[in-house]
Amino acid sequence: MSASRDIVESGPARIGTRAAPARPRFAWLNSSKGLGLVLIMPALLLVIAFFLAPVILTGVFAFTNMSTATGITGGAYQISPGALRVLTDRYGMGELAERLGQPTYVVDEQGLAALAEMEIDQDIIDGLKRRLGETFSSRRDFERVIRDLPTRPNTRTVKRISDAFSRSLANARFASAGALMSAAEAIDPELTDDEKAALREATYTGWSWTTDNFRRLITSPQTMRILFNTIFFVAATLLIFNTGFAMLLAIATHYIPDRPAGIFRIIWFLPRISPAVIYVLLWKWLAWDTGFLSAFLDNFGIRPRNWMLDSAFNAWVFVILINGFVGASMGMLIFASAIKAIPQSLFHAASVDGAYRWQQIRHIILPHLKWPILFVTCYQTLSLLTSIEQTLLSTDGGPGGATEIWSLAIYHTALNNYAGNLQYGYGAAMALVLVVIGIVLSLLYLRLFNYRALIIKPRIEH
Amino acid sequence: MTKHLLKSTVAAVMLVSSAGLASTEEVKISVWSGGTSPNDIYRVDAIDIAADLLEREAAVRGEDLQITVEKKPTNTWDDFKQAVTLAAEAGNAPNILVTGHEDIAPWAQAGLIVPIEDYVNLDAWPINDIYENLLEISSYGGVLYGLPQDAEARPFFFWKDYMRQIGYLDADIDALPDKVQSGEYTLANVLEDAKKMVDQGLVQQGYGFYPRPNNGPDYWQFYKSFGGVMEEDGKLVLDKAAMQKFYQFFVDAVNAGVTRKNHIGTPNDQWWAEVASGKAGIWHGGTWHYARYVNQEGLKDFFGSVAFSLIPAGDGGEPNTLTHPLVYLLTSGHDERATAIAADLVKIASEPRINALHAVKSAHLGITKQESNIDIYADDRWTREATERLLPYANAMPNNADFGTYWNAMWSGLEASWTGQKTPEQAVNDLEAELKNGLGEAIVIR
């Protein structure tokens with residue numbers, strides 16, 4: 001930045017008052033650093049919005065107990081049955097819970113005064129006065145009494161009247177702890193400080209900070225299983241397809257004429273360019289017990305079955321095939337273009353020296369592909385770690401959780417709950433683990449392949 | 001006379017013009033419903049009908065009320081619950097939700113819904129005619145949150161032809177529902193009969209007992225059949241012995257070759273088509289599946305082909321069935337007037353005559369006592385028989401904010417033992433560890 005400041009200071013003298021401020025303000029653009037910053041800005045903003053922000057949010061969520069029930073934006077204080085249970089079990093304040101949580105309607109002076117303030121018809125107030133001291137344990141019963149008064153109020157008014165006599169906090173919701181305390185004190189003026197603190201704690205519906213997610217993750221028997229599944233899935237798909245098979249395709253197409261090679265590559269591209277849903281649907285048609293495979297094998301006396309979910313082994317074969325066919329095309333493309341970039345003279349020279357194809361591959365092609373292999377391995381590890389859609393659509397982690405991989409488990413935890421209570425916090429903790437694994441692996445790869453040696457330092461702008 | 005005429009004309013003109021001047025109140029009410037297939041469309045259409053009635057009521061009172069109902073039925077549950085929770089978090093929740101009663105607890109805690117009892121007269125028609133137990137299921141902590149939208153039960157089905165071929169006489173088949181109810185015919189008999197069907201080649205291997213192919217409330221019935229309890233005094237309960245017997249039952253079914261090991265994950269469409277065409281011997285489902293079998297799957301003679309009963313008892317439990325009423329819920333964050341109108345719409349939509357349309361079209365059971373006096377409901381053999389045979393024995397899942405965690409864990413345990421990934425004992429131990437870990441003091445383990 002010092003360079004740009006110099007330019008500003010040594011810039012030409014002002015010509016006109018209007019034009020003058022414009023020049024110094026944008027002069028820093030004259031420096032390549034400043035201009036570079038501007039040019040990179042759109043990308044930077046996207047990175048912040050779509051990468052950094054989600055990662056930071058995941059990090060924050062991971063240390064909370066957020067769920068649908070707690071909400072994300074914040075909580076309130078509610079005397080719910082769950083809160084009352086906590087009050088009873090954790091704090092041993094069963095009696096207080098009973099007093100606050102049991103719906104109670106008492107016809108008392110306080111309520112009658114409130115009615116007068118609300119400008120309720122005097123006849124109604126007089127009618128209720130006659131029942132002074134009576135207690136009702138359900139709103140319905142009490143409202144029945146109100147409606148039986150000689151002047152029957154409309155429903156809206158009945159609700160307002162019964163509210164005025166409510167002497168419990170059953171399911172009542174307060175925006176702040178202060179409001180809760182004053183309401184609780186109205187019912188029981190002799191609340192001790194301990195009771196207040198317990199009440200505040202037990203009734204809070206929002207999320208709170210906790211490291212419990214990680215404790216739960218470490219002690220859960222599921223975790224190891226899912227972790228092992230994930231490692232197996234990534235390693236197998238990566239080795240067999242994303243690099244192994246991709247390399248095979250690239251080398252094979254290198255040695256066949258251009259036109260058929262092009263067609264061949266396009267065919268292998270189909271899985272990547274077809275929409276995931278349709279692509280997986282085709283696999284399902286192939287594999288299901290009413291599908292192509294079963295129908296075909298039926299001719300040979302093999303009983304139709306759901307080949308995809310028949311056993312854990314089958315499920316893995318399909319999951320790896322489905323993901324691998326998508327992944328192979330990218331490696332193929334990168335390896336093929338890298339092979340193309342190898343000077344032809346090397347191959348000619350090798351042929352003259354009598355090298356076999358295998359020797360060409362071993363001594364010419366593979367050494368030149370170090371950087372592409374690093375890139376593909378790195379990129380595909382991360383993309384497989386987070387890949388979810390093909391597995392979700394095909395086995396959904398089945399049979400019996402055999403193909404439940406980490407990303408899918410995150411989805412099942414954070415965004416899928418039959419009883420409407422999505423576990424955002426626990427899901428985020430799982431996601432954070434994935435982020436950490438991803439970063440550690442990237443660093444490891446960079447070190448392993450000696451990244452520094454692979455890049456040439458720019459010869460200008462030191 | 002002329003003077004009088006003039007006077008009355010002026011009066012009439014003034015009245016008309018003042019009526020014209022009375023401002024029109026326009027209200028938009030949105031209603032989203034989950035698990036709603038074309039057969040269940042009255043879940044949202046009932047609100048439309050109610051809107052028409054409410055507009056007329058307002059007109060009679062001299063008010064001009066215009067209600068626009070925006071309906072959004074969703075066929076599945078996952079998508080619906082995601083949509084609702086995320087929309088609510090963003091402040092875009094619809095006015096009315098139609099969802100399972102088990103959502104009341106977490107959504108009430110989240111402040112996403114408001115109690116309907118704050119808006120409607122619980123003693124007014126038709127709320128005073130709704131079955132008391134359904135109202136209880138729609139309540140949380142003694143406060144009525146929603147109105148039940150439908151009721152159902154989940155029966156066991158037997159393909160009559162195969163029952164005959166393994167030795168049942170017609171009279172035996174007719175007596176079967178009673179035998180199930182008395183506990184004489186148990187889940188052990190189910191496995192025996194299913195095995196006979198497979199052994200005699202009546203059905204293919206794995207098609208003797210052909211249960212629901214994916215997660216659902218149905219599986220709690222089997223836990224119950226073996227004596228399991230879901231909740232006691234507001235606390236969730238894991239009965240390890242019952243859970244293990246329940247897992248073991250499905251493992252036994254797989255080992256006996258009457259249920260497919262890879263059954264879970266079979267698409268619903270395939271399942272419905274197969275059971276409705278006699279590919280399976282014994283299965284279980286929901287009362288509303290009747291509509292599917294008869295309307296979409298072409299099972300013309302249902303009563304001639306299929307017998308139905310409660311879920312038979314297992315060792316240590318009782319025959320039972322599960323009702324999983326959907327409820328109309330009101331969401332928070334709208335202005336009071338709109339929520340009050342939404343509450344009125346829900347109330348009117350619960351009118352027996354309107355609810356009967358849904359009950360019969362979708363083969364659900366009615367929510368009000370008077371529905372039995374409405375011809376379209378009473379004339380329908382299925383709703384009548386199913387109501388009598390099943391509804392009195394129906395349990396419901398608890399309204400408990402932590403139930404979802406329990407449910408997910410229960411299902412993964414079942415899946416793991418069913419597919420042979422774990423033994424039932426191992427699965428129950430893992431389930432226990434998982435629940436202790438995740439729910440702590442909120443669950444009693446015994």
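User: Which residue is the bridge partner of L147(B) in β14(B)?

Analyst: Welcome! This is a predicted model, so local features need pLDDT of at least 70 and side-chain atom pairs count only at pLDDT 80 or more, while totals for chains, interfaces and linings use all residues. Residues are numbered from 1 along each chain as its sequence is written, and chains are lettered from A and ligands numbered from 1 in the order in which they are written. Strand β7 (residues 146-150) of chain B runs antiparallel to β14(B), with 4 bridges joining them. Across from L147(B) in β14(B), the bridge partner is Y328(B).

User: Which residue of β14(B) does V114(B) stand opposite?

Analyst: Two strands pair if DSSP finds at least two bridges between them. Strand β4 (residues 113-114) of chain B pairs with β14(B) over 2 bridges, in the antiparallel sense. Strand β3 (residues 96-100) of chain B is also antiparallel to β14(B), through 5 bridges, and there L97(B) has L329(B) as its bridge partner. For V114(B), the residue opposite is L330(B).

User: How many residues of strand β14 are buried?

Analyst: A residue is buried if 20 or more other C-beta atoms, placed from the backbone, lie within 10 Å of its own (exposed means 12 or fewer, partly exposed in between). In a regular strand the side chains alternate between the two faces of the sheet. In β14(B), L326(B), Y328(B) and L330(B) are buried on one side, and V327(B), L329(B) and T331(B) on the other. For strand β14 (residues 326-331) of chain B, the buried count is 6 of 6.

User: Which strands stand at the edges of the sheet β9-β10-β16 of chain B?

Analyst: This open sheet of 3 strands has mixed pairing. Its strand β10 (residues 235-238) of chain B runs parallel to β16(B), with 3 bridges, and L238(B) stands opposite I445(B). One side of each edge strand is left without a neighbour in the sheet because each has a single partner strand; the edges are β9 (231-232) and β16 (443-445) of chain B.

User: Which two residues touch the most other members of the largest nonpolar core?

Analyst: A nonpolar core is a set of buried Ala, Val, Leu, Ile, Met, Phe, Trp, Tyr and Cys residues joined through C-beta atoms within 7 Å. The largest one has 161 residues, and helix α10 (residues 240-255) of chain B gives the largest share, 9 residues. Leaving aside neighbours within four places in sequence, L345(B) is in contact (C-beta atoms, placed from the backbone, within 7 Å) with residues including I29(B), A50(B) and L54(B). The two that touch the most other members are I47(B) and L345(B).

User: What percentage of chain B is made up of buried residues?

Analyst: Let's look at the whole chain. Chain B has 19 helices and 16 strands, where helices (H or I, at least four residues) and strands (E, at least two) are DSSP runs, numbered from the N terminus. Its C-alpha trace spans about 95 × 50 × 35 Å along its principal axes. Of the 446 residues in chain B, the buried share is 55%.

User: Which helix gives the most to the side of chain B that touches chain A?

Analyst: Here 50 residues of chain B are in contact with 53 residues of chain A. Helices α3 (78-89), α4 (104-109), α18 (403-418) and α19 (424-439) of chain B each supply at least two residues of that side. The greatest contribution, 8 residues, comes from α18(B).

Terms used: Two residues are in contact if their C-beta atoms, placed from the backbone, lie within 7 Å.
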